[in-house]
Amino acid sequence: MEITALIISTTRSRVPLLKHAISSVINQTRKPDELIVVMSYEDREIKDLVNPYGFVIHNASTRVGPMWVRGIEESSGDVIAFLDDDDEWLQNKLSHVDEAFSKIAGLGLYHNLFQFIDTNGNELHYHELPAYYRSMILERSVIIRDNADLYMRSSVNDWLNANYWSLFYNTSSLSVIKDALARRLELIESINLYSDALFFILVLTQCYAVLHDPIILTRYRIHGEQTSRKVLNGELMGMAAKDHELFNRVIKEYNTCR
């Protein structure tokens, strides 16, 4: 099995953070088979940093959906491990991803836990978090399909219509089987903000297994320019509403897995 590490960067202002994200990929104990960075701008320093390990796609788009699509199309891995430009991975992240997809038959999506960090990379503890982020902490292990040793939700419809929304995903904690995404690139291209939710829904509606692993492998950065903050402040509510309309359409098209 080959793993592609895929990073997108939508704004030049995050270049210093992007360098940390790239370094966290390069320094994995289980190296990615390929590293792709998709950018909405051009930066020679980033290109030089990535070139020994993969390649950079410059000026791809200014929208998240088309940027993810371009990276997925260009990738050669069986599994794509996603990373936002302002987050980082712990060194053993891809080792766990490799192990999960190797051992669990039919696994389509792997999601690990994460720790919150500030702009400078210092860990933020629960009492230091804004109230909104305190609700995002997932403490239980969840697997859908065929493993009685872990917490189970056997009803896919129940999960899609209710249980997903009580969990918090982030794209930087997701690793997804490429085939499940490649079949629905037109939907991914339409996404504005919540690519993590769409990846989850697409995988689940195609009857793959989904694993939530209670291991911290991602460092999720809280900062002033964060997309989630802009949604909370009302700046991006129109985009968020369009994404939810897309989710509802995909769920309505869903046929029960046999």
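A salt bridge is a side-chain nitrogen of Lys or Arg within 4 Å of a carboxyl oxygen of Asp or Glu. The exercises below use that cut-off on a predicted model.

**Exercise 1. Pairing between helices**

Task: Find what ties Glu45 to Lys19, and say which helices the pair links.

Solution:
- Step 1. Take the closest N and O atoms of Glu45 and Lys19. They are 3.0 Å apart.
- Step 2. Apply the cut-off, within 4 Å. Glu45 and Lys19 form a salt bridge.
- Step 3. Place the partners. Glu45 lies in helix α2 (residues 44-50), and Lys19 in helix α1 (residues 15-26). The pair therefore ties together parts that are 26 residues apart in sequence.
- Step 4. Check the surroundings of Lys19. Its relative accessible area is 28%, so Lys19 is partly exposed.

The general idea: side chains of opposite charge can pair when their charged atoms come close.

**Exercise 2. More salt bridges**

Task: State how many salt bridges the structure holds. Then describe the pairs Arg30 with Asp33 and Glu74 with Arg70.

Solution:
- Step 1. The structure holds 12 salt bridges.
- Step 2. Arg30 and Asp33 meet through their side chains at 2.9 Å, N to O. Arg30 has 16% relative accessibility and counts as buried. Asp33, at 41%, is partly exposed.
- Step 3. In the salt bridge of Glu74 with Arg70, the closest N and O atoms are 3.5 Å apart. Both residues lie in helix α3 (residues 64-74). They are four residues apart, about one turn of the helix.
- Step 4. Glu74 is partly exposed at 37% relative accessibility. Arg70 is partly exposed too, at 33%.
- Step 5. Look for shared partners. Arg14, Asp85 and Asp86 are joined into one network by such salt bridges.

**Exercise 3. The two sides of a helix**

Task: Sort residues of helix α4 (residues 93-103) into buried and exposed. Why do the buried ones fall on the same side?

Solution:
- Step 1. List the buried residues of α4: Lys93, Leu94, Val97, Asp98, Ala100 and Phe101.
- Step 2. Read their spread around the axis. They cover an arc of only 165°, which puts them on the same side of α4.
- Step 3. Turn to the other side. Ser102 and Lys103 are exposed there.
- Step 4. Name the packing partners. The buried residues of α4 pack against β1 (3-9), β4 (79-84), β5, β6 (107-117), β10 (174-177) and β11 (209-221).

**Exercise 4. A tyrosine in strand β6**

Task: Is Tyr110 buried or exposed? Which residue makes a polar contact with its side chain?

Solution:
- Step 1. Tyr110 is found in strand β6. Its relative accessible area is 0%, so Tyr110 is buried.
- Step 2. List its contacts, leaving out residues up to four places away in sequence. Among them are Val97, Ala100 and Phe101, which also belong to the buried set of α4. Leu174, Ser175, Leu211 and Leu217 are touched as well.
- Step 3. A polar contact of 2.8 Å joins the side chains of Tyr110 and Asp213.
- Step 4. Compare sequence and space. Tyr110 and Asp213 are 103 residues apart along the chain, yet their C-alpha atoms are separated by 7.3 Å.

**Exercise 5. Where to read with care**

Task: Which strand has the lowest mean pLDDT, and which the highest?

Solution:
- Step 1. Start with the chain. Its average pLDDT is 82, and 78% of the residues score at least 70.
- Step 2. Strand β9 (residues 151-152) has the lowest mean, 33, and strand β5 (residues 88-89) the highest, 98.
- Step 3. Over residues 138-156 the pLDDT is below 50. In the model this stretch has 39 contacts beyond near neighbours in sequence.
- Step 4. Residues 158-167 also fall below 50, with 25 such contacts.
- Step 5. Where pLDDT is low, the predicted coordinates should not be read in detail.

Definitions and conventions. Residues are numbered from 1 along each chain as its sequence is written. This is a predicted model: local features need pLDDT of at least 70, side-chain atom pairs count only at pLDDT 80 or more; totals for chains, interfaces and linings use all residues. Side-chain values use heavy atoms; hydrogens and water are left out. pLDDT is the predictor's confidence in each residue, from 0 to 100. Contact means heavy atoms within 4.5 Å. Buried means under 20% relative accessible area, exposed over 50%, partly exposed in between (1.4 Å probe, protein chains only). The arc is that of the directions from the helix axis to the C-beta atoms. A polar contact is a pair of N or O atoms within 3.5 Å; within protein, one must be able to donate a hydrogen and the other to accept it, and residues adjacent in sequence count only if both atoms are side-chain atoms.
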